[in-house]
Amino acid sequence: MQYRPDVDGLRAVAVLPVVLFHAGIPGFGGGFVGVDVFFVISGYLITGLIAEEIRQGRFSLAGFYERRIRRIVPALAVMLLACTVAASALLLPLDYEEFGRSVVAAALSFSNVFFWRQSGYFSDAAELKPLLHTWSLSVEEQFYIVLPLFLLTMAWLFRGRGAQRWTVAGVVALAAGSFALSVLGLERHPDAVFYLMPTRAWELLLGALLGLGAVPPSRRAWVHEAAGLAGLGLIGWAVFMFDRMTAFPGPNALVPCLGAALVIYAGTGAGAGGRLPLASRLLALRGPVFVGLVSYSLYLWHWPLLVFAHYTAFGPLEPATLAGVLALTAVVSVLSWRFVEKPFRTGPWLRGRRAFAHGAAALVLFLGFGGWTLASNGWAARFDPQVSRVEAMANSRNLDYVACKDRDPAHVLNGDLCTVGAADAAGEPWLIWGDSHAWAMLHLFDEAFRQAGARAIVASYDGCVPLFGVSRVHYQGPCRAIADSVDRLIEREGVRRVVMTAYWTGYYRDTLQVDGTVTGPGDRATTAQVLNRGLMRTVDRLSARGIDVYLTDPLPGARWNAPRALAAAVAWNRPIDPAYSLEDYQTMNRDFFQTVEALGGEIRGRLSLWTLLCGGGRCRTEDDGGLPLYFDTNHPARDTFGFAQGPVTAFIRGRIPLAEAPDASLEGGTIP
């Protein structure tokens, strides 16, 4: 294929938004779509090269994978080595052990599956995973295991003039199937759709169609002018108008992908008037082309540098620090391109069998490193033993009650739910209705109901607020359906007492919620109104049916992951305080508190553990032994939250007042 500088310029359009998005630069909320642009470019270039070599009868799988090794492995290996050095100095034992696993996944081109398996409601923030960005490399490498075999098979089955037509038809069919999987799976399995190759393949296949010449150049120059400008416009729209709340990939991924395809197509039109269209000329300028040339190294290095900076800062990076990280990223990326990428791709060092031998040696090295991190428990010997004790609280969870959470609507409707408390208690059961906090506190409720001689059924679903008529935007959980099923369950089971427990703070601050009065996806302002209306409506509906409503206030939680922050403070011998002040807590929950107070006597009982945790104006995150009270940022750790047993039991027995003041006493509750 003839070299196209405009395609290198398009790489710059892809990589810069990704870097700026990850750096948190305002205005680039959709910068993540740069990865999708990369997929289209890659599909176009690689498919075009393979198809041309097949037509000339000189394609070989060994030669193709040798080129892939020269292109991908050297810079990746150097980045992995540098990250292992930084991780050895910075990461706490559990994080270091997890990093070792991710190194193995990256070396095996399995990162996308690894991080998909690591994703979920309780997963660590992306900003703490140094090799998360390698998922896209794995998608490409898995795709290029299949693509050459497909093209060779089509060329063999349809020899002669029909091969091109049938190959294009096959690519179209595969792309359509992949896109359909992406669309259909987005709501229920968003993590799988995001990470896995089968649901991302259509993006590479879109580029492949261009590489196969499926859309011939137009004789009209204006067609290519319009295509180029429209393509840049679509990419720009996605970069500047999308954000983290945009459902993605699915149908929305069409915007940047079609944009990239149009830009590539526009550059094939030079023959129409002897002159490249404006978009292609702009992209072929020296600046964009140079950024495009270093784009692979820039993509490799920007993410781990940002992660390590965030990891040590425990909070947003100061502008000067962020500027320094970005400057370092630029310098390291250029050096990587000049002294690693370029020499190994074009030089004699990785030719023939040596490419495979050196690739295998790198693989063995990284596999060995990963195994050692597991065997050494994350090299825990680097730190004081207290670090491991504090970190271990990240696993202090209600594992005995895992089967009680995330029951789907059908199970809720049929009453196929866990029962806690006194199993042989007479009378109607209570209902514990909530989200992940209902599960995290279930051992406390279980004991409280035993002491009260009562039983309760449990309907909890992670991330779903226990309110009628409210839907969470872009969340796979069937929240509205769960609430509807709970409504019918209450009637059928004769439930007379309902405990509503949730991390209300998170819904008001970090989600978008809609009800029948909101059109469109909603926003932050309308979310508070929706939740306020939903809380009033739910309590009113239950009270009107003669049902006693018991409500738990949100726990204060921690500013950062409590086990990690407290362990880091010990490991690095520096103060790291993850606690909120009482004023912070009350400010974050102002809407919730105002709505609860407006409900007044309709609430039979209210559990306000914050009055115990936030004495003295600071909301505690650790006990007197320095162990965290939460296993992440807000879920109570089973082994250190025993102080709440007395208040929870009093709450169930109806002997606890509605707490309003931060110094209110809670029966039987003291933090050891």
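In which helix does Arg-11 lie? In this predicted model, Arg-11 belongs to helix α1, which covers residues 5-22. The side of the chain on which this residue is found can be described further through its accessibility and its contacts. Arg-11 has a relative accessible area of 18% and is therefore classed as buried, the cut-off for that class being under 20%. When neighbours within four places in sequence are left aside, the residues in contact with Arg-11 are Phe-38, Ile-41, Leu-45, Arg-71, Gly-292 and Ser-295.

At the level of the whole chain, the secondary structure comprises 29 helices and 8 strands. The radius of gyration is 28 Å, close to the 26 Å that the globule rule gives for 672 residues, so the protein chain is as compact as a globular protein of that length. The C-alpha trace spans about 85 × 55 × 45 Å along its principal axes. Of the 672 residues in the protein chain, 55% are buried, and, among contacts with a separation of 6 or more, 80% are accounted for by residues 24 or more positions apart.

The surface and the charges were considered next. The protein chain exposes about 27800 Å², of which carbon and sulfur atoms supply 60%. Its side chains include 58 that are positive and 56 that are negative, and a distance of 12 Å lies between the centres of these two sets.

Several loop positions carry backbone features that deserve separate description. The peptide bond that leads from Phe-248 to Pro-249 is cis, with omega near 5°, and Pro-249 is found in the loop that lies between α10 (221-241) and α11 (254-266). A positive phi of about 50° is adopted by Trp-379, although this residue is not a glycine; Trp-379 lies in the loop between α17 (353-375) and α18 (385-391). With a relative accessible area of 33%, Trp-379 is partly exposed, since that class holds the values between the 20% and 50% cut-offs.

A positive phi is also present at His-474, where the angle is about 55° although the residue is not a glycine. His-474 is located in the loop between β4 (471-472) and α22 (479-493), and its relative accessible area of 45% places this histidine in the partly exposed class.

Methods:
Residues are numbered from 1 along each chain as its sequence is written. This is a predicted model: local features need pLDDT of at least 70, side-chain atom pairs count only at pLDDT 80 or more; totals for chains, interfaces and linings use all residues. Side-chain values use heavy atoms; hydrogens and water are left out. Helices (H or I, at least four residues) and strands (E, at least two) are DSSP runs, numbered from the N terminus. The radius of gyration is taken over C-alpha atoms; the globule rule is 2.2 Å times the number of residues to the power 0.38. Buried means under 20% relative accessible area, exposed over 50%, partly exposed in between (1.4 Å probe, protein chains only). Contact means heavy atoms within 4.5 Å. Accessible areas come from the Shrake-Rupley method with a 1.4 Å probe; for residues, only the protein chains shown count as cover. Lys and Arg count as positive and Asp and Glu as negative; His and the chain ends are not counted. The place of a charge is taken as NZ of Lys, CZ of Arg, CG of Asp or CD of Glu.
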